[in-house]
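The exercises below are meant to be worked through with the sequence and the structure side by side. Try each task before reading the solution that follows it.

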Amino acid sequence: MEWVRCWRVTVEFRDELMSSPRTRRYQREVSTAEEIRALIDRARKHPHFIRHTEESVRVLDGKEPTDCPCGAQYNMIGDPGRGVRRWRPCTCGGHFVYTCQACRLVVVDPSVLFDCHG
Ligand SMILES: [Zn+2]
Ligand SMILES: [Zn+2]
């Protein structure tokens, strides 16, 4: 897996069905400027559209490793006391730390970068 940059688009609408007016919010995560534009173009056509905001966020992309380089499968469920997968918070967003039950090899995913301060 890796951390990828994407955009979190928040669109606000007036909720006309409520007796006291309030806003409804929708959030979508998109990865390209075209997707943002398409999303906002559609939202603007809505009669209750108020506004939109975009913020740059980082999300984890890709598949989780399912087995160790030694061939042993990671046991994701199983015995919680032995927990093969742990979460380590980091300046990059965080890492999963996998510990193989068979060979004790530790795999960090996404990989630790030079500017990581976990
Ligand atoms: Zn192993
Ligand atoms: Zn990191």
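**Exercise 1.** Across which strands does helix H1 (residues 33-44) lie, and at about how many degrees does it run to S3?

Solution. Begin by keeping in mind that this is a predicted model. Locating residues 33-44 gives helix H1, and following it over the strands shows that it lies across S1, S2 and S3. Taking the direction of the helix against that of S3, one finds an angle of about 150 degrees.

**Exercise 2.** Work out in what order the strands of the sheet containing S1, S2 and S3 are arranged, and which of them are the edge strands.

Solution. The first step is the order, which is S2-S1-S3 in an open sheet of 3 strands with antiparallel pairing. The next step is to look for strands that pair on one side only, and these are S2 and strand S3 (49-61). From one strand to the next, the twist averages 20 degrees. Turning to a single pair, strand S1 (residues 2-15) and S2 run antiparallel and are joined by 9 bridges, and within S2 it is Arg28 that serves as the bridge partner of Val9.

**Exercise 3.** Decide whether strand S2 (residues 22-30) lies largely in the open or largely buried.

Solution. A residue counts as buried if 20 or more other C-beta atoms lie within 10 Å of its own. Applying this to the 9 residues of S2 gives 0 buried residues, and therefore the strand lies largely in the open.

**Exercise 4.** Describe the sheet that contains S4, S5 and S6, and explain why one side of each edge strand is left without a neighbour.

Solution. This open sheet has 3 strands in the order S4-S5-S6, with antiparallel pairing. Strand S4 (85-88) and S6 stand at its edges, and because each has a single partner strand, one side of each has no neighbour in the sheet. The twist here averages 25 degrees from one strand to the next. Between S4 and S5 there are 4 bridges, in the antiparallel sense, and Trp87 stands opposite Phe96 in S5.

**Exercise 5.** Place Ala102 in the chain, and find which residues it contacts once its neighbours within four places in sequence are left aside.

Solution. Ala102 sits in the loop between strand S5 (95-99) and strand S6 (106-109). With 13 other C-beta atoms within 10 Å, Ala102 is partly exposed. Its contacts, leaving aside neighbours within four places in sequence, are with Cys68, Cys70 and Ala72. Thr91, by comparison, is 11 residues from Ala102 in sequence and 30 Å from it in space, C-alpha to C-alpha.

Key:
Residues numbered from 1 in each chain as written. Chains lettered and ligands numbered in written order. Predicted model: local features only at pLDDT ≥ 70, side-chain atom pairs only at ≥ 80, totals over all residues. Buried ≥ 20, exposed ≤ 12 C-beta atoms within 10 Å, placed from the backbone. Helix = DSSP H or I, 4+ residues; strand = E, 2+ residues; numbered from the N terminus. Pairing = 2+ DSSP bridges. Contact = placed C-beta atoms within 7 Å. Axes fitted to C-alpha atoms, helices over the stretch in contact; angles between N-to-C directions.
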